[in-house]
Amino acid sequence: MDNERLFRTAADALAGDGWCVLTGLLAPAQTRALADECAALHAARRLVPARVGAAHTATALRGDRTQWFDFAAPSPPQQAFAERIDALRIALNRELMLGLVECEAHYAVYPPGARYARHLDRLRDSDARVLSAVFYLNQGWQEADGGALRLYLDDGTHRDILPHAGTLLLFLSARFEHEVLPATRERLSIACWMRQRGPDRIA
Ligand code: OGA
Ligand code: MN
């Protein structure tokens, strides 16, 4: 699917259901380069235990390790990701007038057995995060490996999305609670948020 069609598909789905799964954001070699970089950083112990919320409270709610992207000085694989995600951001602004001004992103590695309990990506003291985008980096993922992202829908049902390499999950940050189920193997992803401008609300 070409860019324009891919992005229009995303905009239509977000305007309708508020979430969607896309493939084709990056070429397989680009996805592999991100996976290799994430794995190398993890092996070098450069990822740190994740924190929850603006206050960065340590918590048992999530067991992943993360490293934030520095979009001012991205590595080549990160640069490729940033360009595509930014093109998507601009297309969504054009189609949906969401006023998305910037992105933030981090690598995440969930060791076997780690989870992220059910939560909302909107931080309690900020409504900056509008759209959540999770991009998966795992080759050959099987259903039996576990590790699905469980997305809770408005109608009380849920969908399980497997973290296959190249899968991009988009959902409105304020609307969908979700959780990461434990996996039997290491699980790599990039979690990204498209943000709107404006003063952060203090809770
Ligand atoms: C998060 C998150 C989901 C995933 O980092 O907030 O929900 O599938 N990640 O990695
Ligand atoms: Mn989340």
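Reader: What relative accessible area does Met97 have?
Author: This is a predicted model, in which local features need a pLDDT of at least 70 and side-chain atom pairs count only at pLDDT 80 or more, while totals for chains, interfaces and linings use all residues. Residues are numbered from 1 along each chain as its sequence is written, chains are lettered from A and ligands numbered from 1 in the order in which they are written, and side-chain values use heavy atoms, with hydrogens and water left out. Buried stands for under 20% relative accessible area, exposed for over 50% and partly exposed for what lies in between, with a 1.4 Å probe and protein chains only. Met97 counts as exposed, because its relative accessible area is 72%.

Reader: What is the approximate phi of Met97?
Author: Met97 lies in the loop between helix 3 and strand 4, where helices (H or I, at least four residues) and strands (E, at least two) are DSSP runs numbered from the N terminus. Most residues other than glycine have a negative phi. Met97, by contrast, has a positive phi, near 50°.

Reader: How far apart are the end C-alpha atoms of helix 3?
Author: The expected span of a helix is 1.5 Å times one less than its number of residues. For the 21 residues of helix 3 (residues 76-96) the span should therefore be 30 Å, and this agrees with the separation of its end C-alpha atoms, which is 30 Å.

Reader: Which residues coordinate the manganese ion (ligand 2)?
Author: Donors are N, O and S atoms within 2.8 Å of the metal (3.2 Å for Na, K and Ca), and since water is not among the atoms, sites may look incomplete. The donor residues follow the spacing H-x1-D-x56-H in sequence, and both His119 and Asp121 are buried. At 2.1 Å, the coordinating residues are His119 (NE2), Asp121 (OD) and His178 (NE2).

Reader: What percentage of the accessible area of ligand 1 does the protein cover?
Author: Polar contacts, pairs of N or O atoms within 3.5 Å (within protein, one must be able to donate a hydrogen and the other to accept it, and residues adjacent in sequence count only if both atoms are side-chain atoms), join oxygen atoms of ligand 1 to the side chains of Arg187, at 2.7 Å, and Ser189, at 3.2 Å. Accessible areas come from the Shrake-Rupley method with a 1.4 Å probe, and for residues only the protein chains shown count as cover. Of the 300 Å² of accessible area that ligand 1 has on its own, the protein covers 98%.
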